Amino acid sequence: MALELNQKNCLVTGGGRGIGKAIALNLAENGANVAITYSRSADAANQTAAEIEKHGVKGLALQADAVDGEKAAEVVNQISEAFGGLDILVNNAGITKDTLILRMTEEQWDDVITTNLKSVFNYSKAVLRPMMKQRGGSIINIGSVVGIGGNAGQTNYAASKAGVIGFTKSLAKEVASRNIRANVVAPGYITTDMTGELNEKQLEAINAAIPLGRPGESEEVAKAVSFLASPASSYITGAVIPVDGGMGM
C-alpha cells in the first residue's frame with residue numbers, strides 16, 4: 001500500500017539510532033523529508049541523515065535536549081525554514097533507568113519522567129502553531145505496552161509511558177477541529193542493541209510471553225508510525241496501537 005508521504009515534512013526526536021532511526025528511514029522510504037534530533041551521538045545522527053537522503057529526500061540532523069522547551073521551539077522553526085513546513089511529528093526520544101522502587105532514587109524517577117514525558121509536551125506544543133496554521137498534521141507519540149500493563153522494576157518508565165497515552169488522548173480532543181491527529185504507537189519487546197546483551201535463557205522466557213513467539217523488529221514499529229503519519233489513517237485519532245506480537249493481551 002502506497003502511503004502517500006511524498007513532500008511531507010517530518011521530525012523524529014531521538015532519531016539517530018534504534019527505533020527512532022528505523023522510523024526516520026521508513027518515512028523517507030515513503031517519500032517524506034525527515035529531520036531528526038539527537039542528544040549526544042552526532043556521528044550516528046549525521047549518518048542517519050545521510051541514509052535518509054539516499055531515498056532522494058531531504059535529511060537534517062539537529063542537536064537538541066528534548067527536555068528544553070525553548071530549544072524545541074527553535075528546532076521546529078529551523079525545520080520549517082529548511083523544509084518549508086512541518087506536517088508530522090514523531091515523539092520518540094526516551095530513556096530507561098530501571099530498578100525496583102525501593103532502590104530507585106529521586107533522580108532516576110525525575111530523569112525518566114522528564115525525558116519521556118516533558119519532551120512530548122515540549123515538541124507537541126512547538127509544532128501546534130504551524131500545524132494549526134496549515135490546518136493539518138499528525139503527531140505520533142511512541143509509548144510502550146509497559147504504559148498499559150506495567151512491569152516490575154519500571155515504575156518510572158511505566159508512569160512516563162502511561163502519561164504519554166493520557167496526554168495524547170487529551171491532545172487529540174483539543175486539536176481535532178483543526179484536522180490535527182494525535183496517536184500512540186506502543187511497542188512491546190523489540191530487538192535493539194540493548195537486547196543483544198541478554199542470554200539465551202532470558203530470551204526464551206521473553207519469547208514464551210509473546211503469543212507470536214518472537215521479539216519485534218524496529219522496522220515493524222516504523223511501519224505502524226508511517227501508517228499513522230499518512231492519509232491512510234485519516235480517520236484515526238486518539239488511538240493506541242500496540243506493536244507487541246500480542247504481548248499485551
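This section describes the nonpolar cores, a buried polar residue, two backbone outliers in sign of phi and one pocket of a predicted model.

In soluble globular proteins, nonpolar side chains tend to be buried together. The largest nonpolar core of the model comprises 33 residues, and those with the most contacts inside it are Ile-23, Leu-27, Val-34, Val-90 and Val-185. At least two residues of this core are supplied by each of the helices H1 (18-29), H2 (42-53) and H8 (218-229), and likewise by each of the strands S1 (9-12), S2 (33-38), S4 (88-91) and S5 (137-142). Helix H1 accounts for the largest share, with seven residues. A second core, separate from this one, contains 24 residues, including Ala-35, Leu-62, Ala-66 and Ala-182.

The surroundings of Val-185 were examined with neighbours within four places in sequence left aside. Val-185 is then in contact with Ile-140, Asn-141, Ile-142 and Gly-143, with Val-221, Ala-224, Val-225 and Leu-228, and with Ile-241 and Val-243.

Strand S4 also holds a polar residue, Asn-91. The relative accessible area of Asn-91 is 3%, and Asn-91 is therefore classed as buried, the cut-off being under 20%. The side chain of Asn-91 forms a polar contact of 3.2 Å with the side chain of Ser-124. With neighbours within four places in sequence again left aside, the residues in contact with Asn-91 are Thr-13, Ser-119, Val-120, Tyr-123, Ser-124, Ile-139, Ile-140, Asn-141 and Ile-142.

Positive phi values occur at two loop positions described here, Arg-135 and Asn-179. Arg-135, although not a glycine, has a phi of about 55°; this residue is placed in the loop between helix H4 (106-133) and strand S5. For Asn-179, also a residue other than glycine, phi is near 65°, and the loop concerned runs between helix H6 (155-175) and strand S6 (180-187). Arg-135 has a relative accessible area of 49%, and a value of 49% is likewise found for Asn-179. Both residues count as partly exposed because exposed status requires a value over 50%.

Rolling a probe the size of a water molecule over the atoms shows where empty space is left. The second largest pocket has a volume of about 230 Å³. Its lining consists of 13 residues, among which Lys-8, Gly-137, Ser-138, Arg-181 and Ala-229 lie nearest the centre of the pocket. By class, the lining of this pocket is made up of seven polar, three nonpolar and three charged residues.

Methods: Residues are numbered from 1 along each chain as its sequence is written. This is a predicted model: local features need pLDDT of at least 70, side-chain atom pairs count only at pLDDT 80 or more; totals for chains, interfaces and linings use all residues. Side-chain values use heavy atoms; hydrogens and water are left out. On a 1 Å grid over the protein atoms alone, a cavity is a set of points where a 1.4 Å probe fits but cannot get out, and a pocket is an open set with protein on both sides within 12 Å along at least five of seven lines; lining residues have an atom within 4 Å of a point. Grid points are joined across faces, edges and corners, and a volume is the space filled by probe spheres set on the points. Ala, Val, Leu, Ile, Met, Phe, Trp, Tyr, Cys and Pro count as nonpolar, Asp, Glu, Lys and Arg as charged, and the others, Gly among them, as polar. A nonpolar core is a set of buried Ala, Val, Leu, Ile, Met, Phe, Trp, Tyr and Cys residues joined through side-chain atoms within 4.5 Å. Buried means under 20% relative accessible area, exposed over 50%, partly exposed in between (1.4 Å probe, protein chains only). Helices (H or I, at least four residues) and strands (E, at least two) are DSSP runs, numbered from the N terminus. Contact means heavy atoms within 4.5 Å. A polar contact is a pair of N or O atoms within 3.5 Å; within protein, one must be able to donate a hydrogen and the other to accept it, and residues adjacent in sequence count only if both atoms are side-chain atoms.
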